[in-house]
Amino acid sequence: MGAFLSLFSAAYYVPKLYFGSVPATVAARSSASSKAIERVTLRDFVQLRCPSLFKEFRPAWWLRSGHLQTAYCVVGDFSKIDKVEYDRKLLRTLDGGTIGIDFTPPAQERTLEDDTPIIVVLHGLTGGSHESYVRSILAPACTPVEQGGLGYRGIVVNFRGCAGVPLTSPQLYSALHTDDIRVAVMYIAKMYPKAPLIGVGFSLGANVLTRYLAEEGEKSRLVAGCALACPWDLVASSDHLQNHFFHRNVYSTGMAQNLQKVVARHMDALSKFPESPAWKAVQAAAAKKRMSLVEFDDTVTRVVGGSSPPFPFPTAYDYYRAASTHKMLGSIRVPFLALNSEDDPIVSSFPAGQTDNGWVVLGLTKAGGHLGWFEAGRHFGELQRWIRKPVLEWAHAVGEDLVPEGERGRPTHEVDGFLKEVGRDDIGCKEIEGGGHVVGVEGEGGLLAGL
């Protein structure tokens with residue numbers, strides 16, 4: 001009886017995986033040292049190369065609930081682990097905005113081959129390259145192979161106004177706007193044309209990544225994607241936050257507070273655009289001491305969360321409907337792994353059964369909270385993030401074994417110093433002065449980390 005219960009318990013904690021009924025086939029190297037290439041289904045590719053997805057993830061007993069897992073993301077001290085340092089470059093977009101691109105390892109630390117795989121990271125709501133969940137992936141991924149890492153390059157795309165990036169236009173960012181990641185990936189691909197680019201997105205960044213891959217389809221410059229804690233149906237998640245007292249007063253208010261603090265730091269910059277909708281919107285937000293997330297989005301994000309069209313939206317819920325990604329999965333045409341937790345207190349929807357795309361693999365763990373996934377470490381009281389195991393296995397598989405097929409992206413050219421896609425004149429970017437050295441554990445004071 002005891003053995004049966006043990007087996008039942010182990011099976012209970014094994015992630016549920018959802019594959020398309022007709023999995024896509026990919027070209028893959030039969031082994032790391034082999035030049036032989038074989039065609040395999042994405043299901044077989046994952047089963048062979050991502051064993052962690054088929055084993056149990058058991059949360060640490062003292063962080064058993066999703067609330068505790070999520071809370072530890074905020075209050076835990078991650079300053080002494082997963083230390084990552086970056087070289088920052090600033091990109092100016094056609095509309096005058098600025099994106100921060102953080103590269104690791106820094107150039108003075110070591111030199112990598114031009115074809116070294118690159119993990120392109122999109123952070124969460126008000127995060128950046130300093131976030132513990134970002135570093136938990138990039139630290140081992142960018143550690144040299146001889147020291148037990150993957151030996152990859154990591155590049156974090158910091159959204160406008162986040163992580164110390166200056167705000168230089170009356171436009172912010174959102175779960176819907178993809179043109180900033182589009183030009184950033186275009187720039188990275190121009191820098192490293194031989195390197196496979198692997199997208200990894202967290203929370204809001206996961207939503208942006210999913211949208212980008214769906215919009216680009218077969219022309220994606222990213223050879224694969226991995227979305228962690230993607231919110232999927234923003235209407236459902238918003239309703240869930242608003243309709244529960246604890247969620248509304250802790251999570252919704254906490255995220256809105258972070259957003260209010262981010263825009264408050266850029267009030268002087270936005271005041272240079274006194275006639276813009278952005279200036280009026282952030283003034284309205286600054287006048288309120290306490291807001292919920294939907295109130296902030298109704299005041300600010302729906303107005304200035306991206307370019308026009310489609311912004312502005314009539315209401316926050318119109319923006320949520322447009323930004324949701326649960327119905328876009330069918331358009332993805334590169335290997336795509338998405339992982340969520342069943343007890344995530346912020347994300348209330350999961351798109352199982354809403355797509356039958358053979359390129360998409362959906363995974364749902366029993367526990368993990370929002371961007372937590374903490375399990376007990378080897379020593380008493382020690383914690384480690386389980387999620388790094390499947391993500392690193394996935395990154396190794398698509399970076400080393402996957403053989404990308406077809407053209408990656410559309411042709412580019414330079415026009416007046418801006419890098420643009422041929423035939424598309426509305427978006428582009430160029431490198432500008434600024435940036436410098438960024439120490440990854442130095443976050444932004446005053447913000448609730450981990451969200």
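**Exercise 1. The enclosed space**

How many cavities of 30 Å³ or more does this predicted model hold, and which residues line the largest cavity?

*Solution.*
Step 1. Start with the count: there are 4 cavities of 30 Å³ or more. The model is a predicted one.
Step 2. Take the largest cavity. Its space is about 450 Å³.
Step 3. Turn to its lining. The largest cavity is lined by 34 residues, and those closest to its centre are Leu125, Leu204, Leu234, Leu293 and Asp297.
Step 4. Assign the lining to elements. Two or more residues each come from helix H6 (204–216), helix H7 (234–242), helix H8 (245–264), helix H11 (293–304) and helix H12 (316–323). H11 gives the largest share, 6 residues.
Step 5. Sort the lining by class. It has 23 nonpolar, 10 polar and 1 charged residues.

**Exercise 2. The open space**

What is the volume of the largest pocket, and which helices supply at least two residues of its lining?

*Solution.*
Step 1. Read the volume. The largest pocket holds about 400 Å³ of space.
Step 2. Find its centre. Of 19 lining residues, Pro193, Lys194, Ala195, Pro196 and Pro404 are the closest to it.
Step 3. Name the helices. H5 and helix H13 (388–401) each supply at least two lining residues.
Step 4. Sort by class. The lining of the largest pocket splits into 11 nonpolar, 1 polar and 7 charged residues.

**Exercise 3. A helix pair**

At what angle do H5 and H6 pack, and which residues meet?

*Solution.*
Step 1. Choose the descriptors. Two packed helices are described by the angle between their axes and the distance between those axes.
Step 2. Apply them. Helix H5 (residues 179–191) packs on H6 at about 70°, and the axes lie 10 Å apart.
Step 3. Classify the angle. Angles of 65 to 115 degrees count as roughly perpendicular, so H5 is roughly perpendicular to H6.
Step 4. List the contact. From H5 come Ile181, Arg182 and Val185; from H6 come Val208, Tyr212, Glu215 and Glu216.
Step 5. Sort by class. The contact of H5 with H6 has 4 nonpolar, no polar and 3 charged residues.

**Exercise 4. Confidence**

Where does pLDDT stay under 50?

*Solution.*
Step 1. Begin with the whole chain. Its pLDDT averages 93, and 95% of the residues score at least 70.
Step 2. Locate the low stretch. Over residues 1–8, pLDDT stays under 50.
Step 3. Check its contacts. For residues 1–8, the model has 0 contacts beyond four places in sequence.
Step 4. Draw the consequence. Where pLDDT is low, predicted coordinates should not be read in detail.

Terms used: Residues numbered from 1 in each chain as written. Predicted model: local features only at pLDDT ≥ 70, side-chain atom pairs only at ≥ 80, totals over all residues. Heavy atoms only, no water. 1 Å grid on protein atoms, 1.4 Å probe; cavity = no way out; pocket = protein on both sides within 12 Å on 5 of 7 lines; lining within 4 Å. Points joined across faces, edges and corners; volume = space filled by probe spheres on them. Helix = DSSP H or I, 4+ residues; strand = E, 2+ residues; numbered from the N terminus. Nonpolar A, V, L, I, M, F, W, Y, C, P; charged D, E, K, R; others polar. Axes fitted to C-alpha atoms, helices over the stretch in contact; angles between N-to-C directions. Parallel < 35°, antiparallel > 145°, perpendicular 65-115°, else oblique. Contact = heavy atoms within 4.5 Å. pLDDT = per-residue confidence, 0-100.
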